[in-house]
Amino acid sequence: MNRMLSVLTRLAPAVAATLTPSLAFAHSGGFHVHGLLSGLQHPLAGIDHLLAMLSVGIIAARTGGRAAILVPACFVAAMVAGATLGIAGIGLPSLETGIALSLMFFGAMVALARPFPLAFAATLTALFGLFHGNAHGLEIPETVGGMAYAIGFLASTSALHATGALAALTLRSRPAAIRAAGIGTSLVGVALAAQLI
């Protein structure tokens with residue numbers, strides 16, 4: 001009973017995201033895109049980005065070795081590439097669907113609670129990094145404030161990757177907790193995808 005309660009408690013964020021669809025996607029039009037502080041805050045404001053960034057860190061830590069640095073670096077590099085396209089006015093097709101799929105895939109990878117081949121983990125995180133970056137690049141103005149926002153966003157993203165990796169290492173002896181987090185992340189992805197239908 002206690003174990004079941006513990007799992008349900010960890011799934012609460014997924015339930016909350018499902019019940020509050022207007023808050024689920026972090027990017028809603030660009031009114032918030034200004035300055036370093038906004039960039040630092042933004043990845044924490046939308047559950048889609050928060051869960052994706054933490055998941056990348058968990059996947060990197062579980063993969064181990066060089067992946068601990070390379071997997072998040074691939075995500076960030078792809079995010080910058082996607083943002084650059086967005087700033088140029090080029091939006092990726094099915095952008096919100098790609099972000100929802102990222103949570104489903106990342107959540108499934110976290111739920112498996114095992115290492116993945118480095119090439120697979122790096123490629124998949126880079127692919128979805130393009131979508132996350134593009135969503136924000138479309139909102140970032142080509143101003144000094146926009147550049148400061150982008151720097152803050154990248155810094156906060158990297159910190160969330162490190163937090164996810166630390167969580168994975170701390171909970172190494174409790175794989176059920178990592179699995180529950182992965183299942184919750186996938187459920188949020190499903191909820192976000194359902195909103196798009």
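**Buried, exposed and lining residues in a predicted helical chain**

Colleague: Is A113 buried or exposed?

Modeller: A113 has a relative accessibility of 9%. The model is predicted, with local features needing pLDDT of at least 70 and side-chain atom pairs 80 or more, while totals for chains, interfaces and linings use all residues. Residues are numbered from 1 along each chain as its sequence is written, and side-chain values use heavy atoms, without hydrogens or water. Since buried means under 20% relative accessible area, exposed over 50% and partly exposed in between (1.4 Å probe, protein chains only), A113 counts as buried.

Colleague: What is the phi of A113?

Modeller: A113 sits in the loop between α5 and α6. This residue is not a glycine, yet its phi is positive. The value for A113 is about 50°.

Colleague: Which residue in the loop between α4 and α5 is also worth a look?

Modeller: The loop between α4 and α5 (95–112) holds a serine whose phi is positive, near 50°, although the residue is other than glycine. This serine counts as exposed because its relative accessibility is 52%. The residue in that loop is S94.

Colleague: How many helices and strands does the chain have?

Modeller: Both kinds of element are DSSP runs numbered from the N terminus: helices are H or I, at least four residues, and strands are E, at least two. Read along the sequence, the pattern is α-α-α-α-α-α-α-α. The count for the chain is eight helices and zero strands.

Colleague: What share of the residues in the chain is buried?

Modeller: The chain has 197 residues. A113 is one of the buried residues, and V76 is another, at 17% relative accessibility. Buried residues make up 46% of the chain.

Colleague: How far apart in space are V76 and L154, C-alpha to C-alpha?

Modeller: V76 is found in helix α4. In sequence, V76 and L154 are 78 residues apart. In space, the C-alpha to C-alpha separation of V76 and L154 is 7.3 Å.

Colleague: Which residues lie nearest the centre of the second largest pocket?

Modeller: A pocket is an open set of points on a 1 Å grid over the protein atoms alone where a 1.4 Å probe fits, with protein on both sides within 12 Å along at least five of seven lines; lining residues have an atom within 4 Å of a point. The second largest pocket is lined by 15 residues. L154, already met as the partner of V76, is among those nearest the centre. The full set nearest the centre is V80, A83, I140, A150 and L154.

Colleague: Which helix gives the most to the lining of the second largest pocket?

Modeller: α4 (67–87), α6 (118–137) and α7 (144–170) each supply at least two residues of this lining. One of these helices supplies six residues. The helix that gives the most to the lining is α7.
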